[in-house]
Amino acid sequence: MFLEAYETLHSHLGPSHWWPGETSFEVMVGAVLTQNTSWKNVEKALHRLSSEKAIRPEIMHKTPVGTLAQWIRSSGYFNQKARRLLALLDWYQNYDFRVETVRRRHPDSESVRRELLSISGIGPETADSILCYAFGYPVFVVDAYTHRWLERYDSGGHRAAAGNYHLLQSMVQSEFAHSFRAEELTRHFNEFHALIVRLSNLYCKKSSPLCRDCPLQRKCQNART
DNA sequence: AACCAGGAGACAT
DNA sequence: ATGTCTCATGGT
């Protein structure tokens with residue numbers, strides 16, 4: 001099952017110290033900026049925002065879309081993403097831009113998730129990244145890496161879940177929920193997703209796959225040496 | 001010089 | 001329900 005892969009990855013690569021971001025708000029911004037975009041390009045945009053002193057919700061919320069768009073230019077889709085950030089901030093303002101307020105009013109993640117999904121530009125992956133990495137809810141993030149990983153990973157019947165966001169997510173979440181204490185779930189979902197991303201970036205690059213060093217090589221369908 | 005990268009929404013079928 | 005198009009920069 002997933003736990004086996006999780007343990008293997010963790011013993012080889014972990015711990016991960018994720019999500020890359022100083023503050024919870026920076027994590028939220030990163031989650032939007034990285035939509036269909038490499039993290040390297042996101043980092044440049046984050047540096048620019050940092051130098052503009054704009055990685056603070058109160059400041060960014062007052063920034064005109066056009067200005068914000070120019071600041072995040074390097075992350076691509078800058079006009080869309082500028083609007084999306086401001087839409088997210090419109091919502092976040094209802095909670096005084098504070099994680100603690102969100103957590104207090106929403107004991108569990110479902111209602112927050114619905115609110116996030118109702119924001120234009122926030123889809124399942126972005127919502128779950130924010131829930132897990134910024135707000136600390138026990139939610140497993142399913143991203144493109146996870147789908148690709150599962151497509152080629154042999155572990156008895158799990159391949160059916162590749163491509164189905166909700167199915168894959170609930171399979172991982174229920175399996176982990178049976179194996180870990182509730183107060184540790186967020187940390188494990190956080191770590192598992194981080195490990196899959198790190199695995200992908202380290203060993204599964206299309207340009208130069210380093211499969212011989214991959215800890216999951218034996219169970220990988222397209223393992224090459 | 002095409003192809004890809006931690007998506008999401010609008011729209012047509 | 002399931003495709004297709006758009007958005008756009010920067011690295012390989």
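Let me start with Lys53, which, with 9 C-beta neighbours inside 10 Å, counts as exposed, and which sits in the loop between H3 and helix H4, residues 57–62. I begin there because its backbone is unusual in one respect: phi of Lys53 is near 55°, a positive value in a residue other than glycine. I should say at once that this is a predicted model, and everything I describe has been computed from it.

A second residue of this kind is Asn36, whose phi is near 50°, again positive although the residue is not glycine. Asn36 is placed in the loop between H2 and H3, and, having 8 other C-beta atoms within 10 Å, it is exposed. As background, most residues other than glycine have a negative phi, and most peptide bonds are trans.

That brings me to the peptide bonds. The bond from Gly14 to Pro15 is cis, with omega near -5°, and Pro15 belongs to the loop between H1 and helix H2, residues 24–33. A cis peptide bond also joins Trp18 and Trp19, with omega about -5°, and Trp19 is likewise found in the loop between H1 and H2.

Now to the DNA, where Asn36 comes back. Around DNA strand B there are 24 residues, and the closest are Gln35, Asn36, Gly123, Thr126 and Ala144. The elements giving two or more residues to this surface are helix H9, residues 124–134, and helix H10, residues 144–152, and the largest share, four residues, comes from H9. By class, the surface near strand B divides into ten nonpolar, eleven polar and three charged residues.

What, then, surrounds DNA strand C, and which residues come nearest? There are 13 residues around that strand, of which Ser74, Gly76, Tyr77, Asn79 and Ser207 come nearest. Helix H3, residues 39–51, and helix H6, residues 78–93, each supply at least two residues of the surface, with H6 providing the largest share, three residues. The surface near strand C has two nonpolar, nine polar and two charged residues.

Turning to the overall arrangement of chain A, the domain assignment gives domain 1, made of 2–16 and 141–219, and domain 2, which covers 24–134. The centres of the two domains, taken over C-alpha atoms, are separated by 25 Å, and seven residues of domain 1 are in contact with six residues of domain 2. On the side of domain 1 that touches domain 2, the largest share, three residues, comes from helix H12, residues 185–203, and the residues of that side divide into four nonpolar, two polar and one charged.

H12 deserves a closer look. Its 19 residues, at 1.5 Å a residue, should span 27 Å, and since its end C-alpha atoms are 27 Å apart, the expectation and the model agree. Among its buried residues are Phe189, Phe192, Leu195, Ile196, Val197 and Leu199, and the list also includes His188, Asn190 and His193. What covers the buried residues of H12 includes helix H1, residues 2–13, together with H9, H10 and helix H11, residues 165–179. H9 and H10 are thus elements we have met already, at the surface near DNA strand B.

Finally, a word on Gln70, which lies in helix H5, residues 65–71. Is Gln70 buried, exposed or partly exposed? With 13 C-beta neighbours inside 10 Å, Gln70 counts as partly exposed. Its C-alpha atom is separated by 8.8 Å from that of Ala82, a residue twelve positions apart along the chain.

How values were computed: Residues are numbered from 1 along each chain as its sequence is written. Chains are lettered from A and ligands numbered from 1 in the order in which they are written. This is a predicted model: local features need pLDDT of at least 70, side-chain atom pairs count only at pLDDT 80 or more; totals for chains, interfaces and linings use all residues. A residue is near a molecule or strand if its C-beta atom, placed from the backbone, lies within 6 Å of it. Ala, Val, Leu, Ile, Met, Phe, Trp, Tyr, Cys and Pro count as nonpolar, Asp, Glu, Lys and Arg as charged, and the others, Gly among them, as polar. A residue is buried if 20 or more other C-beta atoms lie within 10 Å of its own, exposed if 12 or fewer, and partly exposed in between; C-beta atoms are placed from the backbone. Domain bounds come from an automatic or database domain assignment. Two residues are in contact if their C-beta atoms, placed from the backbone, lie within 7 Å. The expected span of a helix is 1.5 Å times one less than its number of residues.
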